[in-house]
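The exercises below are meant to be worked through with the sequence and the model in view. Try each task before reading its solution.

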Amino acid sequence: MIRIVRRAEMRPMPLFVLLFLCAAIAFARQKTDTATLVNGNEVTCEVLNLSRGVLKAKTDSLSTVSIRWEDVRRIQSSFTYEIVLSDSSAPLFGALTPDASGNLVLAGHAPIPLISVVSLTPARSHVLNRFNGDVDFGYSFQKSQSTTQFNFDGDLVYKHKAASLDLDVSSTLLLRDQTDSTRRLQAGLTLYRTLSRANFVESLGQFSYNSEQNLIQRYLGGSGIGHYFVRTNRVLLSAVAGGAFALEHYSSSPQRSEGDALLAVNTQVFKLYSPKLDISSYFRLWPSLSDSGRFRIDANAKVKIEVVKDMFVSFSFFDNYDRKNPTTSMPLNDYGVTVSLGYSFNR
């Protein structure tokens, strides 16, 4: 008996599927990088990045792993990386080629000890990988005084080569029964641009609103020269000096212009394992150049502790001080402490 089997008709693959597969194959990167640890173990991987003392690498069997930078003795990759060192703000570019001692070797430069490397970023990294940030939400209620408080903090940073753009927003809303509510909002956009060894330019645009200080709105723009005093995988310490111009509008008073000097100190201490910990603060002093005896202070400090992966509990303190408030000619101070829950990405 002869059986005739009819072969199923094969349909051509859709063009968009074919293009997608071709693109995936073209851009797929083989895991040919290696990281040798201080205990002698060697990890074959794809080096993703180094940030804040933690090397992230993608492997076939272990998926993505995080390795303490201090535990890495040698690292090797034929791909080009952007390399930032602790003793120089200007980034270097090159493959990760080690010498016999494990130092990186770049053409035209002396051997670079791994301990002096602050960050590694693939030179052709996707634009989305250059963003990092966090958001915090807080809520509290007190029945005895019939008060409800909401607070929000957000920070979004984009980094590319020798420049970074930072958008930050901080707000508090306090609601009280039978009394006026209190609102505070501060939003800023800051551009950092490397000048030379450990020096940078900081340009700032800021909007502020604070009902506690009778401030309806303040638009401020300024710039200054900054210097990194410490820049390692654990600590950042910098200072900025410059000037700014502001347009202010307070309740029961006309809009006015204000010229200010700027003196600022920024610090950050971080530990990205067991558990992740991030302590940051800034202090900005604005001495008035157009109103004798007046100065303002903006200060903020925050401690973030990871509770589960990329989820944090945050404790923060803010202080907005005006030595000679235009509505009272007397000091006005607004400060507060908040506890919130937040999410962080690419940090």
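Buried is used here for a residue under 20% relative accessible area, exposed for one over 50%, and partly exposed for one in between, with a 1.4 Å probe and protein chains only. A salt bridge is a side-chain nitrogen of Lys or Arg within 4 Å of a carboxyl oxygen of Asp or Glu. The model is predicted, so that local features need pLDDT of at least 70 and side-chain atom pairs count only at pLDDT 80 or more, while totals for chains, interfaces and linings use all residues. Residues are numbered from 1 along each chain as its sequence is written, and side-chain values use heavy atoms, with hydrogens and water left out.

**Exercise 1.** Determine which side chain of opposite charge is nearest to Asp 334, and describe the surroundings of Asp 334.

Solution. Begin by locating Asp 334 in strand E19, which covers residues 332-345; strands are DSSP runs (E, at least two residues) numbered from the N terminus. Next, note that Asp 334 is buried and yet has no salt bridge, the nearest side chain of opposite charge being that of Arg 184, 4.6 Å away. Then look for other partners: the side chain of Asp 334 makes a polar contact (a pair of N or O atoms within 3.5 Å, one able to donate a hydrogen and the other to accept it) with the side chain of Asn 210, at 3.0 Å. Finally, leaving aside neighbours within four places in sequence, the residues in contact with Asp 334 (heavy atoms within 4.5 Å) include Glu 212, Gln 213 and Phe 318.

**Exercise 2.** Find where the two partners of the salt bridge between Arg 52 and Asp 278 lie.

Solution. The side chains of Arg 52 and Asp 278 meet at 2.8 Å, N to O. Arg 52 belongs to the loop between strands E2 and E3, and Asp 278 to strand E16, so the pair ties together parts that are 226 residues apart in sequence. Arg 52 counts as buried because its relative accessibility is 16%, and Asp 278 counts as buried at 7%.

**Exercise 3.** Is Glu 248 buried or exposed, and which network includes Glu 248?

Solution. Glu 248 forms a salt bridge with Arg 256 at 3.5 Å, N to O. At 0% relative accessibility Glu 248 counts as buried, whereas Arg 256, at 25%, counts as partly exposed. Salt bridges that share partners join Arg 218, Glu 248, Arg 256, Glu 258, Asp 291, Arg 294, Asp 322 and Lys 324 into one network.

Note on methods. Helices (H or I, at least four residues) and strands (E, at least two) are DSSP runs, numbered from the N terminus. Lys and Arg count as positive and Asp and Glu as negative; His and the chain ends are not counted.
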